[in-house]
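Colleague: Could you take a close look at a single part of this predicted model for me, and then set that part in its surroundings? I am still learning to read structures, and a slow, connected answer would help.

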Amino acid sequence: MMLKPASDSEKRIINSSLLNPTAYNIPMIVKFGKGLNIAKMYNLLTVYFEHYDIFRTSYRIGSDIERWITAAVPTIEICSQSIFEPQAMLDAHLISVEDKELVKIVLCKVADETNDYLFVNVHHALLDGLSINLFLQDVIAAYLSDEPLDFQCSTVDEHTKNSNNNSQRATVNFGEYEGFKSRLLNKQIEHVNYRSETVKLGNVVKQKYTDFSLCLTAFAISVAGWLNHNSVYLAYPYLGRNQTNFRALGNFVQLVPFHKRLETQNYSSVEKLTAEVQQQIFKDMTTNSHYDDVRYHESMQCMNIFRDIIFDYKSGSLIETTLSHEHEITLHEIETYRDEKYGIHFSIYKHMHELHITMISSEYSSEDMEKLLTIFCRNVDAVYADSEIELDQMLRLKDEIKLDGDSVSPSVILREDNYEVIYKEVSGMVCTLLDEQTVHAEESFFDLGMDSTLLVKFKKRIREQFKVNLKISDFFNHYTSEMLTHKILERL
């Protein structure tokens, strides 16, 4: 057994998890379409758990936080069920950061089905989403191979080894946090919502700063507009993994608190604001873990990065969910669970000249999420298109977006007498998508062959043309060119 102090990165995650005991579980299911060799997978997982200390790690939480590594591997359960129920499986295997085992594994045979399942739940204090995906890829590759295991991954915690224990650290100013938190609480509900959007970047001018810097700046401005409040408190995951060994397990994601008060008179351009945002971020990377704040202060007086707002930027494409086409092995996250870890988790994946945006929230309504997404899409366009746009123009929201109502675009001002113009555009889109010569005003899109894939394209074209972000349900409720034209007019 080994006992040593937790790193600052671990403490940042654990501190916020203490505010919500089951926050930041990472549940995943691997479905084996052609069945699962239980004995082989059991033995394989046991070898992995014996090899990597990270799977045998838990935390002692007292006056300080210490990392505890045991010799015993996590329990691997085996069960047989008539029907596999993901929600019930998760409910029975939730993990608190204070548990002795932070890994839950169940190998499940399903009666009268060819499908079997591997259920994995890991607390984020051990692994982040990318690492668990890589771990599962390695396990499946080993499971499908007859070759002996050849571990190439280092178990050295590079971040802890190289951590700087300098006590002269900057602090985050939480002086106005209570007012910011009150605005968030006024919007909160108890329901999980998911939103996704793709933004095509148009004629992008050459920028001094990185895509991450520009997107974070646009997001900070958008949060201020969304709350109608110029103090922005958010966090973003900073990847602390050793870049020379991307498969290393146990290198932690730092969740860096970020605070910025937006003073419109001080900035003449987005470029100047971006520079100050970056300075604030690098300063916050050296902040303390705020452990005492979490333990001895009210939650309203300190940032809870799992209940508030997290900005997450990634480059490249989304993680693959198919682990083996030939053997029909697929990976699934459990989206039906009311995920306690996110107030709003706003993720951006950049690929070529597109931003793929995903939002998940267990705290805010779909309408509020749509508003934030609409504001961000407008602001990110402005940031990329013109580095000299003034900040006060981006924050002047009352004339452009009704914070308590529907979205309004300043670039498309249409009235009832524009019905024919909108109707012509809508019916033209339908004809193009469905490869039809003409579409009658009262003819249903769905009768003509509109499916879910085409509907996503249709929604996107409506947003790009009219700057109106309709919901998918709007298309089902307004399923003709005539009805949808009236709906668009209502939103303008």
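Judged by relative accessibility, does Asp435 count as buried or exposed?

Modeller: Asp435 counts as exposed, because its relative accessibility is 69% and the cut-off for that class is over 50%. Please keep in mind that this is a predicted model, and that everything I describe is computed from it. Asp435 sits in the loop between helix 12, which covers residues 419-434, and helix 13. Its backbone also deserves a careful look, since phi of Asp435 is near 55 degrees, a positive value in a residue other than glycine.

A second residue with a positive phi can be set beside it. Glu328, which is not a glycine either, has a phi of about 55 degrees, and it too is placed in a loop, the one between strand 12 (322-324) and strand 13 (329-333). With a relative accessible area of 42%, Glu328 is partly exposed.

If you now go from Asp435 to the helix on the other side of its loop, you come to helix 13, which spans residues 452-466 and holds Lys459. The side chain of Lys459 meets that of Glu197 in a salt bridge, with 3.6 Å from N to O. Glu197 belongs to strand 8 (residues 193-200), and the two partners are 262 residues apart, which makes this a link between distant parts of the chain. Glu197 and Lys459 are both buried. Glu197 also forms a salt bridge with Arg463, where the N to O distance is 3.5 Å. Because Arg463 lies in helix 13 while Glu197 lies in strand 8, this pair ties together parts that are 266 residues apart in sequence. Arg463 is buried, as is Glu197, and the three residues Glu197, Lys459 and Arg463 are linked in a network of salt bridges.

A search of the whole structure finds nine salt bridges, and another of them gives you a useful contrast. Lys40 pairs with Asp146, their closest N and O atoms being 3.9 Å apart. Here Lys40 is in helix 2 (residues 38-51), whereas Asp146 is in the loop between helix 4 (129-144) and helix 5 (158-161), with 106 residues separating the two in sequence. Lys40 is partly exposed, its relative accessible area being 32%, and Asp146, at 75% relative accessibility, counts as exposed.

Glu370 shows another charged residue that is covered. It has its place in helix 10 (residues 366-385), and it counts as buried because its relative accessibility is 9%. Leaving aside residues up to four places away in sequence, Glu370 touches Arg195, Asn469 and Lys471.

The nonpolar residues around our starting point can be approached from the same loop. Helix 12 ends at residue 434, and Leu434 is one of the members of a second, separate core of 23 residues, which also includes Tyr423, Leu454 and Ile488. Further along the chain, His486 is found in helix 15 (residues 481-491), and at 39% relative accessibility it counts as partly exposed. His486 and Ile422 are 64 residues apart in sequence, yet their C-alpha atoms are 9.0 Å apart in space.

The largest nonpolar core has 97 residues, among which Met41, Leu45, Phe311 and Phe346 touch the most other members. Helix 7 (residues 211-227) provides the largest share of this core, with twelve residues. The contacts of Phe346, not counting residues up to four places away in sequence, include Phe219, Ile310, Phe311 and Phe376.

Finally, it helps to step back to the whole protein, whose secondary structure comes to 15 helices and 15 strands. Of its 492 residues, 53% count as buried. Among contacts between residues at least 6 apart in sequence, 77% join residues at least 24 apart.

Terms used. Residues are numbered from 1 along each chain as its sequence is written. This is a predicted model: local features need pLDDT of at least 70, side-chain atom pairs count only at pLDDT 80 or more; totals for chains, interfaces and linings use all residues. Side-chain values use heavy atoms; hydrogens and water are left out. Helices (H or I, at least four residues) and strands (E, at least two) are DSSP runs, numbered from the N terminus. Buried means under 20% relative accessible area, exposed over 50%, partly exposed in between (1.4 Å probe, protein chains only). Contact means heavy atoms within 4.5 Å. A nonpolar core is a set of buried Ala, Val, Leu, Ile, Met, Phe, Trp, Tyr and Cys residues joined through side-chain atoms within 4.5 Å. A salt bridge is a side-chain nitrogen of Lys or Arg within 4 Å of a carboxyl oxygen of Asp or Glu.
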